[in-house]
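Me: I have a model to go through at the bench. Please take my questions one by one and keep the answers short.

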Amino acid sequence: MRKNILNKILKKDARSILDTVSPEIEVATTITSPPYYDMKDYNSDNQVGYGQSYNDYLNDLKSIFEGVLKITRKDGTLWIIIDTFKRNNQVVTLPFDLSNKLKEVGWLLQDVIIWKKDKTVPWSTNGFMQRKFEYILFFSKSAEYKSNNDNVRIYDTSHLKKWWIKYPERYNPKGKALDEVWEFPIPTQGSWGDEYIRHFCPLPQSMVANMIQISSDENDIVLDPFAGSGTVLSQSAYMKRNYIGFELNAEYIKMFKDYLKKTLIKNREEYELFRQNTDQDLFEKRILELRSLKYARVLTISIEKITKQNNFKIFVVLKGKSEAKNKLIKVEYQIIGAVNKADINDTISQLIEKPPLSKFGIEPLFKFKERKKFDGKKLYGYTKTNTYSHVKHPDFNAKSIRVIIEICVDLNENDYL
Ligand SMILES: C[S@@+](CC[C@H](N)C(=O)[O-])C[C@H]1O[C@@H](n2cnc3c(N)ncnc32)[C@H](O)[C@@H]1O
C-alpha cells in the first residue's frame, strides 16, 4: 500500500482519503490551500466548494481534515492557507469557522500566521480596502509536535553592522526567530511559466519550503489533499521528502507531472546548497566570536574594579563547541601578567556565575601566565572600552591593549546608527 501511493498525485476526491491511505502511513505534515467557497469552478465533478452551501462546504472540509488527522503521526502538523471572503455585504470568517470545526475533531490550533503578499488578485476586494494578506492556520496533532525552528530563522551577516554588534550576548546565534507575519510575494508568470498561471493562486515555493522545513525531515511524508498546481508536492520532492497529493482536475495533474520533470534536478541542487546552510553557520560563528571577545572585555573591567589590579592582559583562544548545559562555545582566557593569582581567581569564580557573564553561553577555561610573546600569528588588540574596533598597528606591550584575540572587528561608531 505504502509503495503505491507515495510520490504520486492521485486523481481522487479528497473525501476518500481514508479509503486510499491507511493510518500506518504516518504523514508528518499536511500543507494545503482548500478550494475557495463557491467562487471558482475548478472544472471537475465532486469539487469541494463550488456550488455547495457554506455549511456543507465547512462540513466537508471538517471530515477531510478529520481523516487527515487519522493518518498523521503523533508529532505531526497541519498548515492551512485560507482567507475570509464577502457574502451578502459582510465578511464571512472562514478561517475562524474552519478552525472551530477542526478543534471539534481534535486538531490543536497552535498559530495564526498572516501571509502578507505584495500584490493581490483582482477579484479579492473586501470593501474599500485592498486585500493584502491571507491567513495561515497552523495546527498540531498533539502538544508535542515537530518544529525545526532553528532552520528557518532569519540570519544575515551583513546585519552585524547594526547596533547589536555591541550586544552579541543578546542575539540568538541561530538568527532571529520567525514572527507571525510572513512576507512572500505571490508567484508571477515569470517564475511559473504561462500554463501555471492558468491555474490561479499557486503558493509561493519559498513559503511552502519554510513549512516543510519546520515540520518534517528528509524521507518524511508530506500531504496535500487539494494539490492544484502541485506546489507543495514539487517542493517536497526537491527537499527529499515523500509526497502524497489528491486532485480532481486531470489537466492540473498532467501539468504538475511535466513541471516536476523539468524542474527537479535544478531545484534539488539548490536545496543541497541550502542544506549546507553556510550562511547560517557563518552567522552563528560570528556572533559567538563577538561574544567571546566581549566576555574578555567585561571580565577585564570587572576584575579591575574588584581587585584594583590592572597589570594584566587577556589572551583569548576559541576552543570550539561546548558540550556543557546552556553553553555554546568553549573559550580559553589566558590572564597574562604578574598578578595576584589567588585574588583574581576568586573574583573570576564569582563573576562568571552571575549575569552578565553567565548569560553569554560561554564555557570559560582560565590559565595564568606571567608573560607571553605576541608575534608570528595574526592577532588583534583591543582596549578595555572598545571591542567593536581593533587597535590599528598595536604594540601588544602597550598598557592600553587589554584583550588580544585572532578575531578582527573593525567598525566605527556610525555603523551602529
Ligand atoms: C486553491 S486550489 C489549490 C492550489 C494549490 N495549493 C497550488 O499551489 O496550486 C484547490 C484545488 O482543490 C481541487 N479540488 C476541489 N475539490 C476537490 C476534491 N474534492 N478533492 C480533491 N481536490 C479537489 C481543485 O481542483 C483545486 O485545484
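Me: In which sense do strand β2 and β3 pair, and over how many bridges?
Reply: This is a predicted model, where local features need pLDDT of at least 70, side-chain atom pairs count only at pLDDT 80 or more, and totals for chains, interfaces and linings use all residues. Residues are numbered from 1 along each chain as its sequence is written, and side-chain values use heavy atoms, with hydrogens and water left out. Strands (E, at least two residues) and helices (H or I, at least four) are DSSP runs, numbered from the N terminus, and two strands pair if DSSP finds at least two bridges between them. Strand β2 covers residues 27-32, and its pairing with β3 is parallel, over 5 bridges.

Me: Which residue of β3 does T29 stand opposite?
Reply: T29 falls within β2, residues 27-32. Its opposite residue in β3 is T77.

Me: Through which helix does the chain cross from β2 to β3, and with what handedness?
Reply: The crossover is of the β-α-β kind, and its helix spans residues 54-70. Right-handed means that, with the strands pointing away from the viewer, the path from the first strand over the helix to the second runs clockwise. The helix is α3, and the crossover is right-handed.

Me: How many residues of strand β3 are buried?
Reply: Buried means under 20% relative accessible area, exposed over 50%, and partly exposed in between (1.4 Å probe, protein chains only). Strand β3 runs over residues 72-82 and is largely enclosed by the rest of the structure, because so many of its residues are buried. The count is 9 of 11.

Me: Which residue of β7 stands opposite I82?
Reply: β3 also pairs with strand β7, residues 133-140. That pairing is antiparallel, over 6 bridges. Opposite I82 in β7 stands Y135.

Me: Which residues come nearest to the ligand?
Reply: There are 24 residues around the ligand, each with a heavy atom within 4 Å of it. The nearest are A14, S33, S229, T231 and E247.

Me: How far is an oxygen atom of the ligand from the side chain of E247?
Reply: A polar contact here is a pair of N or O atoms within 3.5 Å. On the backbone side, an N or O atom of A14 lies 2.9 Å from a ligand nitrogen, and one of L203 lies 3.0 Å from a ligand oxygen. For E247, an N or O atom of the side chain is at 2.5 Å from a ligand oxygen.

Me: What share of the ligand's area does the protein bury?
Reply: Areas come from the Shrake-Rupley method with a 1.4 Å probe. Taken alone, the ligand exposes 610 Å². The protein buries 99% of that.

Me: How many residues of helix α8 are buried?
Reply: Helix α8 spans residues 231-238 and is mostly covered. Its buried residues include T231, L233 and Y238. The count is 8 of 8.

Me: What is the phi of K240?
Reply: K240 sits in the loop between α8 and β10 (242-246). It counts as partly exposed because its relative accessible area is 26%. K240 is not a glycine, yet its phi is positive, about 60°.

Me: Which two residues does a cis peptide bond join?
Reply: One partner, P356, lies in the loop between α11 (341-352) and β13 (362-369). Omega of the bond is about 5°. The joined residues are P355 and P356.

Methods: Polar contact = N/O pair within 3.5 Å; in protein donor to acceptor, adjacent residues only side chain to side chain.
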